[in-house]
Amino acid sequence: MNQVPEPIEFDLSSGGGSRTQQRTNQPIVGAAAALSVSIPHAIGLGLLAFAPLAYLGTASALALWSAALPGALLALLARSKGAVYGPSTAVALLFGGMLALVVGAGAAVSISAAQALAITGVFAALGFVLQALIAWSGLARLARFIPVAVTQGFAAGVGLSLIVAQVKGLYYISGGQWGALLGWHVTIALAVVALSLVLQRLWPRFPTLLLAVILVALPWLLWAPGVELSMAAEEAVFLLPIVPDWWAAPWGLVLGQVGFQLASLALLMAVVNSLEVLVYHQQLESDHGPHSPPGFVLGREGWVGAACALLGLIPASTSLSRSRTALFYTGTPSRRAGQWHALGLIAVAVSGYLWLPWVPMAVLMGALLIAGVRMIPPSLWKRSAAREERSSRAQAWVVALVFVGTSGALALLAGLLVATLELLRASGAHAIRRVHLEGKLRSRHVRGPQDESWLAARMSTVAVFELQGIFSFGVAAQVVEQVRAHLNGHRCVILDASRVPSWDETGCLRLINLAHELHAQNVALLLCGVHGLAAQRMAGLHTYPDLDRALEWAEEQILANRPPALHAQPEQASALGELGAELTASQGAALQVRMRSLRFAPGEVIIRQGDLDRTLLWVKAGTVTLSSSEVPDQGVRLSVIGAGAVLGEMAFLNGMARTAFAHAGSDGAALNTLSWEQFQAWRQSDPEGALLFVTALARMGIRRLGATSRDLRAAME
C-alpha cells in the first residue's frame, strides 16, 4: 500500500465520469412504448408456444398471463435499471417445442393441459437453473470478450428476425395465398409503420408507436369494410392461468420417450437466453456507464425464471427488443419503466379478452415491423471512410445474417470467429510495455525546491502504464484486468498510448468503462498519445497529447492539495530561489540590486534559439515553456519552467548560443534577469559569494542533465 502523509484528491469534474443524456427520463412514456411491442409480441409468441394446447380452445389467455406475471415478478425482484422484462422469442419457441414433445409423447394416455404444463415447466425450469449455474460458475464473465461488432450484430439479428417473422406472418394469416386479403393485411401493417414514423418526427418524446396502433385499429372498429381480417384473439371469457398438475402427470411415459430431447432443449434455452441477456447488459454498460455484474443479472433472472416455469408460464428475462424501445424514449436507464410496463401487461392480461378480439392482427404486426427496424443499431447504416468502421460493420452484418438464417448461438460463434481472425492478424505481442508505480516518472515542468519537495513524497499516488501494439477487444480486456491488479492506493492512473498504432471500437469502450469504474472509486484516469478516430471516440476522457502533459496535470493536482499556509506566493518568492540558499543576506541583497524585473504577455517570445545572450533568468511568477519551434504548438515541448526556477544557465556559464525558444505561459510570466556583465561586476566585489553562486548553479545544471539522461534512456528503451 502506498503510504502518503494525507489523502490526495484529484479533480473529477470532467472526463469519463459522466455522460450527457439526450432525452429526459420519462419511465411511463418508455413503458408505453415498450407495451406497443410487448402486446403483439406476447400474443404472437404465446399462440405459437401454446399451439399444442389449441384443442382446449383459446390460448390467448395463457399467452397474456405468460407475458405479464413472470415479467412482473422480475420487475419486483430483479429490478435492473434499463431492463424491461418479458418472454424472449427464443425462450418462447423452445418452450413451445418442449410442450409439443410432451403433448405428443402423452397423447396415448390423453394427457391434460395441466399435466403437459407441469412436465414442460420442470424442464424449462431446468434450463433457467442452468442459466443460474452459468452465473455461479463465473462463465458470465466471458461476455466481456464479446466484441461490440458481435453485440450490435446480435441486436440487428433480433430486429431482422422480427421483420422476417412479420412478413411471413402476414402471408400466413392471409391463408397462405396472394390476393385481396393479403393486400388488406399488408396495407394495415404499413399504415402503422408510416403513421408511427410521421408521429415520431412530430413528437419525438411521445410513444408514437402505441398511438399509431390505436389510430389504425379504431377506424377499423368504427368502419369495418366487408373483409374478414384475422384478429389478435378469438372471442373468449375471462380465464385465469392453468395450474400445473404435477402429481397426475405421466412422468415415466414422457421421460422414457422424449427425456433426452427435453434436456437438450433445456440446455439450449439456458445458453441462448444467457447470451441475449448478456449482450443487452453489455450494450447498456457501454452506452450508459456502470451496471450490475453480468453474473448477478443472470443468476437472479435464472432463479425467478425457474419459479415461473414451474407454474406453467413461459419464463421471462431481460427483453432486448422491449428494453431498447423503452430506452429510445427515456434515454436514461430506469427501474420505473420496467415496473410500469409490468403493470400495463397485467392490465392487458386481465382485460384483453374484452378488446383483443376486435384488434386486427395486422395492426400488431405493423408495430412489430417498426420495432424490428429500431432494433438495428443506427451505426450499422452509416457510411464511413475509416477502415476500422467498415470492418466493424461488416462483422456486425455477418452476425445479423447468420442469426436470421440459423440461431443466436451460431451467430455468436460466427462473429467471434471473424473477430478472432482479425485480432490474430493485427494484434501485438504484449499489451502493456512497462508499469511505473513508484512515482519516479516526472514531467519536464521545472519547479522550485518547495514544490519539488512536496511532490517527491506524493508522486507514488500516480501510476503510469505504457501501452503498445494494436488495442483490440481481447487486448483491452487484458489491459483493464492488469490495471485493476496493479492499483494499490493510487489516486491517478495514466495510460500512455503513444505506442498504440490502431484501436477498435470495443477497445475504446473498455477504456471508457474503466474510466467510469475508477471514477466511482475517486481515481482519475488520464489517457495520452491517442489521435484520429480513437481520440474522437474517447473525447469524454481526460486526454492529453503526450505523457509529459499528463504528468504535469497530475503534479498540479497534487500541489493543489497543499494546505493554504504552504501554497507558494509567486510574486513574493525569493528572487534567487535555490541559487541563493548558501548566500548570506547581505550577499543576496547585493546580487539582487544588479537584477532587472521583466514581464511578458502570454505566448510572448522571451528567448530565441541561436541568440548569443548570456543573461540568466529567474521565473518569479507564471511559467516559461521551452520548445524547439518559434510557434510552441508546432514544435516539441522541451521543458516548462515554473515559479522559483531558473533558465538559461548553459548560455550564462559558457557563452554558447541559445538552444531553444522560450515563451511565456498561458498566464504570462514575471522574470528577474541577471546579465553576465552585472555578474562579473558583483564577482569582483565579492569573489567568495560569486563562487558559492556558480557552484549552486553548476549543481542545478548537473541535476537537470541527469533528469534529461533518464528521459533519453527511457525513450531509447
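Here is a chat about why certain features of this predicted model get the labels they do.

User: What kind of model is this, and how are the residues numbered?

Analyst: This is a predicted model, so local features need pLDDT of at least 70 and side-chain atom pairs count only at pLDDT 80 or more, while totals for chains, interfaces and linings use all residues. Residues are numbered from 1 along each chain as its sequence is written, and side-chain values use heavy atoms, with hydrogens and water left out.

User: How many helices and strands are there, and what makes a run count as one?

Analyst: The chain has 23 helices and 14 strands. They are DSSP runs numbered from the N terminus: helices are H or I with at least four residues, strands are E with at least two.

User: What share of the chain is buried, and what does buried mean?

Analyst: Of the 717 residues, 52% count as buried. Buried means under 20% relative accessible area, exposed means over 50%, and partly exposed is in between (1.4 Å probe, protein chains only).

User: How many aromatic pairs are there, and what makes two rings a pair?

Analyst: The count is 10 aromatic pairs. Rings of Phe, Tyr and Trp (its six-membered ring) pair if their centres lie within 6.5 Å; planes under 30 degrees apart are stacked, over 60 edge-to-face, and the rest tilted.

User: Why is the Tyr544 and Trp553 pair called tilted?

Analyst: Their planes are at 45 degrees, which falls in neither of the other two classes, so the pair is tilted; the centres are 6.5 Å apart. Both Tyr544 and Trp553 are buried.

User: What makes Phe652 and Trp676 edge-to-face?

Analyst: Here the planes are at 75 degrees, over the 60 needed, so the pair is edge-to-face, with ring centres 5.2 Å apart. This pair links distant parts of the chain: Phe652 is in helix H21 (residues 649-654) and Trp676 is in helix H22 (residues 676-685), 24 residues apart.

User: Are those two rings buried or exposed, and how do you know that?

Analyst: Phe652 has 0% relative accessibility, so Phe652 counts as buried. Trp676 comes out at 21%, so Trp676 counts as partly exposed. Both belong to one aromatic cluster, formed by Trp618, Phe652, Trp676, Phe679, Trp682 and Phe693.

User: Which charged end sits over the ring of Trp676, and what makes that label apply?

Analyst: That's Arg614, whose charged end is 3.7 Å from the ring centre of Trp676. A charge sits over a ring if NZ of Lys or CZ of Arg is within 6 Å of the ring centre and within 35 degrees of the ring normal. Arg458 does likewise over the ring of Trp454, 3.4 Å from its centre.

User: Why are H4 and H9 called roughly antiparallel?

Analyst: The axes of helix H4 (residues 113-137) and helix H9 (residues 294-310) come within 7 Å and cross at roughly 165 degrees. That is over 145, so H4 and H9 are roughly antiparallel. For reference, angles under 35 degrees count as roughly parallel, over 145 as roughly antiparallel, 65 to 115 as roughly perpendicular and the rest as oblique. The residues that meet include Phe128 in H4 and Trp303 in H9, where contact means heavy atoms within 4.5 Å.

User: How do you know that H5 and H12 get that label too?

Analyst: Helix H5 (residues 148-173) and helix H12 (residues 361-375) pack at about 160 degrees, with axes 7 Å apart. That angle is over 145 as well, so H5 and H12 are roughly antiparallel. Among the residues that meet are Leu162 in H5 and Met365 in H12.

User: Why is Trp247 called exposed?

Analyst: Trp247 has a relative accessible area of 81%, over the 50% cut-off, so Trp247 is exposed. Trp247 is in the loop between helix H7 (208-222) and helix H8 (251-288).

User: What makes the phi of Ser110 and Asn522 worth a look?

Analyst: Most residues other than glycine have a negative phi. Ser110 has a positive phi of about 55 degrees, and Asn522 has one of about 60 degrees. At 62% relative accessibility Ser110 counts as exposed, whereas Asn522, at 42%, counts as partly exposed. Asn522 is in the loop between helix H17 (505-520) and strand E7 (524-528), and is one of the residues in contact with Arg491.

Key:
Axes are lines fitted to C-alpha atoms, for helices over the stretch in contact, and angles run from 0 to 180 degrees between N-to-C directions. Lists of a residue's contacts leave out its neighbours within four places in sequence.
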